[in-house]
Amino acid sequence: MKPNVQMSKMQVQSHSIREFRIVLPMTVEEYQIGQLWSVAQSSKNETGGGEGVEVLVNQPFDTENFVPSPKLQANGRYYISGQFTHKIYHLAEKAPGFVKLMVPKGAMKIHELSWNAYPYSRTILTNPDYMKEKFYIIIESFHASDRGDSQNILGLESRDLAHRQVVYIDIANDKLTSGDYDAESDPCLVGSTKAKRPPLPNDHTGQWMQEVNPVMCCYKVVKVWFKWFGLQKRMENFILSQERRLFLAFHRQVVCWQDNYYGLTMDDIRRIEEEVSRELEQQRTVGPVRGKAIFEETV
C-alpha cells in the first residue's frame, strides 16, 4: 500500500510554520512508551456517538512497505523503518462553529498518516473529501535528551528556517483553557510513585526545566497550509494556536499517567493498540459524542 500523499509537493506552498519545544521530566525511552499508551487512552476518551478515531492501518514500515516520500531525515541521519498508521478523525460535532459553516457535515473527516521512526516521526493531516490540496498540517517531531536548547535539530532550511517561530511550552505553568484543565492531569499535583518522580513546582518561573532530572525535550515543527481567500492567515494562525493547546494538554497527561505505563514493553504497547483499535470501532458507532472539541473557538 502506498499512501496518496506526497509531502514534497506540499512543501512548495507558502505555509505558516512554528516550532514547539516541550521539556518533560522523563527519559526519551520512557516517553516512547508513554506517548503511545497515552495516544491509545486519549483515543478512547474522544470516541463515541459517530465521532472520534478510526484506525485503518497500524503496521511496520520499511523501504518496501508504506514508504514515506520524501525520506525521513532529522538530526543528521535517515530513518528507514518504524511504525506506520493511517487514522481518520470524525469531527462533525467537534469542529468550531465557523468551520461548520464552511465545510459540509459529511466532509468533516481528517485523515492522518504517520511514520513513527522514534526518536523521529512525521505526521501529515489532510481533508481529501473537501479541501483536498488546499489544506494540510505537517508535524515533524524529534525527541532528544536535552532541555530544549538544540537550535535546529529537525534540519530546517531556507524559508522554513527564516520564518519559523520557536515556542516553548511549560507543562507546569502555562495556562490551559478552562475546559482543558483536569486536576488528575496536573503535573504540579500528580507525580509518579512507580518512577519515584515528585510533582513539578508551580512557581511560575519555569526554572524546573533547567533543574529536573531525568529530562528530555519534544521538538515539534508544525507547518500549516489553508488556502481559502480572505481566511488563509487567520485559519493558519488559529490551527497553530490549537496545536499548541493540544500539545500542552496531551503532554500534561503523559506525565501524570506515568504510573499506568511505567515498566511496559513495546510488545505490551502493540497488544494494547490492537485491543484499543477493536474497542474504537465498536465505541465510535454507539452512545453519545465523547470528549472535548478538537478545536475550540477560544484560544
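User: What makes α2 roughly parallel to α8?

Analyst: In this predicted model, the axes of helix α2 (residues 28-45) and helix α8 (residues 266-283) cross at roughly 10° and come within 9 Å. Angles under 35 degrees count as roughly parallel, so α2 is roughly parallel to α8. The crossing of α2 and α8 is left-handed.

User: Which residues of α2 and α8 meet, and how do they divide into nonpolar, polar and charged?

Analyst: From α2 come Gln32, Ile33, Leu36, Trp37, Ala40, Ser43 and Lys44. They meet Met266, Ile269, Arg270, Ile272, Glu273, Val276, Glu279, Leu280 and Gln283 of α8. The residues of this contact comprise 9 nonpolar, 3 polar and 4 charged.

User: Why is strand β8 called largely enclosed by the rest of the structure?

Analyst: Strand β8 covers residues 135-144, and 10 of the 10 residues are buried, so the strand is largely enclosed. Buried here means under 20% relative accessible area. Phe135, Ile137, Ile139, Ser141 and His143 point one way from β8, while Tyr136, Ile138, Glu140, Phe142 and Ala144 point the other way, and all are buried.

User: How do you know that β8 pairs with β7 and with β10?

Analyst: Pairing needs at least two bridges between the strands. β7 (residues 120-126) is joined to β8 by 6 bridges, and β8 to β10 (residues 216-226) by 10 bridges, so both cases count as pairs. β7 and β8 run antiparallel, and β8 and β10 also run antiparallel. Arg122 stands opposite Glu140 in β8, and Ile137 has Val224 in β10 as its bridge partner.

User: What makes β2 and β9 the edge strands?

Analyst: The open sheet has 8 strands in the order β2-β5-β6-β7-β8-β10-β1-β9, with mixed pairing. β2 (52-61) and β9 each pair on one side only, and they are the edge strands. From one strand to the next, the twist averages 15°.

User: Which helices pack on the sheet, and which strands do they touch?

Analyst: Helix α6 (residues 232-256) packs on the sheet and touches β1 (16-24), β8, β9 and β10. The direction of α6 makes about 155° with that of β10. α8 also packs on the sheet, touching β2 and β5, and its direction makes about 145° with that of β2.

User: Why does Ser185 count as buried?

Analyst: Its relative accessibility is 7%, and the cut-off for buried is under 20%, so Ser185 counts as buried. Ser185 is found in the loop between β9 (165-169) and α5 (208-211). Not counting residues up to four places away in sequence, Ser185 touches Arg252, Gln253, Cys256 and Trp257.

Key. Residues numbered from 1 in each chain as written. Predicted model: local features only at pLDDT ≥ 70, side-chain atom pairs only at ≥ 80, totals over all residues. Heavy atoms only, no water. Axes fitted to C-alpha atoms, helices over the stretch in contact; angles between N-to-C directions. Helix = DSSP H or I, 4+ residues; strand = E, 2+ residues; numbered from the N terminus. Parallel < 35°, antiparallel > 145°, perpendicular 65-115°, else oblique. Left-handed = near helix turned anticlockwise from the far one by under 90°. Contact = heavy atoms within 4.5 Å. Nonpolar A, V, L, I, M, F, W, Y, C, P; charged D, E, K, R; others polar. Buried < 20%, exposed > 50% of the residue type's maximum accessible area, 1.4 Å probe, protein only.
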